[in-house]
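Got the model open in your viewer? Here is a short tour, with something to select at each stop.

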Amino acid sequence: MQTKGFKYRYNQLTEDNCSWLVHWFIRKRHECLRIVSGVRVKLIARIVGVQIGRDSVFYGVPYFFRAPKSTISIGKNCAFRSDKTTNLIGLNHKCIIATRTEGAIIKMGTNCRMSGVSLGAWKEIRLGNNVLIGANTIIIDGDGHNDRNNSHAKAIIIHDNVWIGANCTILKGIEIGKNSIIGANSVVTKNIPENVIAVGNPCLVIGKRINFTRS
Ligand SMILES: CC(C)(COP(=O)(O)OP(=O)(O)OC[C@H]1O[C@@H](n2cnc3c(N)ncnc32)[C@H](O)[C@@H]1OP(=O)(O)O)[C@@H](O)C(=O)NCCC(=O)NCCS
């Protein structure tokens, strides 16, 4: 058997087009990005008035827009991917977290994770703990063009342990019950109960989510 000496390491690093070495560099690049983005985000958050919980990490810098007298609050140990390739699905844009009117609220609990997600609150968007949101999903509690549609913003509430797949749209007034899964590319137009799997446009329940455990 080969010992793990220099020759072993050399062979390992140079086999398969040096893929180990390339892999190592990419991981280090992501680590550097996390450190640099963390410093930049802390500075921006302080200027813009965004509250960020301890141990939250950022791969790339999200775009924060906080309307006067509105609240953006991010819980502890959350993770945001805004750099296009740090989520290997590929992100269309960085995370955008925006309160659009005076008094609007965006609040998220602990351990939330998201990639290239847009959160736009005219009124209120609340995420519980352990909410996972897939790449390029849009969550907006208003229609954005009130001159065209005389509708009002309605709060969106997403409960603990919900997993939302990539490219979903969550519309105004929606409540998603705890532990539920929303399939990729879904458009959520009606409330979703807890412990279910729901998919499609419009998003409908197709089954139960059982034996929920979080590692
Ligand atoms: C919702 C999901 C978790 C369900 O996975 P699953 O339990 O293995 O479900 P299945 O693949 O057995 O599909 C069950 C049924 O739902 C349908 N379905 C599954 N996902 C769907 C979706 N996103 N949209 C529409 N229909 C869907 C399937 O076609 C199948 O229909 P059928 O019973 O008529 O054949 C999965 O399909 C999904 O969308 N994952 C999200 C992945 C993602 O976006 N990750 C984020 C990375 S950033």
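Start at the ligand and select the residues around it: there are 16, and G134, G165, A166, G183 and A184 come nearest. A residue is near a molecule here if its C-beta atom, placed from the backbone, lies within 6 Å of it. Colour that shell by residue type and you get eight nonpolar, eight polar and no charged residues. For that split, Ala, Val, Leu, Ile, Met, Phe, Trp, Tyr, Cys and Pro count as nonpolar, Asp, Glu, Lys and Arg as charged, and the others, Gly among them, as polar.

Two notes before you move on. Residues are numbered from 1 along each chain as its sequence is written. This is a predicted model, with local features needing pLDDT of at least 70 and side-chain atom pairs counted only at pLDDT 80 or more, while totals for chains, interfaces and linings use all residues.

Now zoom out. The C-alpha trace of the protein spans about 70 × 45 × 30 Å along its principal axes. Switch to cartoon and you'll find one helix and 20 strands; these are DSSP runs numbered from the N terminus, with helices being H or I of at least four residues and strands E of at least two.

Next, pick out the open sheet. Eight strands make it up, in the order β2-β5-β8-β11-β14-β17-β19-β20, with mixed pairing. At its edges sit β2 (57-59) and β20 (204-208), each pairing on one side only. Strands pair if DSSP finds at least two bridges between them. For a close-up, select 79-81 and 113-115: these are β5 and β8, which run parallel and are joined by three bridges. One bridge to look for links A79 with its partner R113 in β8.

On to the inside. Of the 215 residues, 36% are buried, that is, have 20 or more other C-beta atoms within 10 Å of their own (12 or fewer is exposed, in between is partly exposed; C-beta atoms are placed from the backbone). The largest nonpolar core has 44 residues, and I97, L119, V131, I182 and V188 touch the most other members. Such a core is a set of buried Ala, Val, Leu, Ile, Met, Phe, Trp, Tyr and Cys residues joined through C-beta atoms within 7 Å.

Select L119, in strand β9 (residues 118-121). L119 counts as buried because it has 24 C-beta neighbours inside 10 Å. What does L119 touch, leaving out residues up to four places away in sequence? The answer is I97, A98, I106, I125 and I139, where contact means C-beta atoms, placed from the backbone, within 7 Å. Add I96: its C-alpha is 6.2 Å from that of L119, although the two are 23 residues apart in sequence. Hop over to I97, and with the same sequence neighbours left out its contacts are P62, F64, I72, I106 and L119.

Last stop: some backbone oddities. Most residues other than glycine have a negative phi, and most peptide bonds are trans. Select N17 in helix α1 (residues 6-48), where phi is positive, near 55°. N17 is exposed, with 8 other C-beta atoms within 10 Å. Then go to N136, in the loop between β11 (132-133) and β12 (138-140); its phi is near 70°. N136 is buried, with 21 other C-beta atoms within 10 Å. Finish at P202, in the loop between β19 (196-199) and β20, and check the peptide bond from N201: it is cis, with omega near 0°.

Key:
Two residues are in contact if their C-beta atoms, placed from the backbone, lie within 7 Å.
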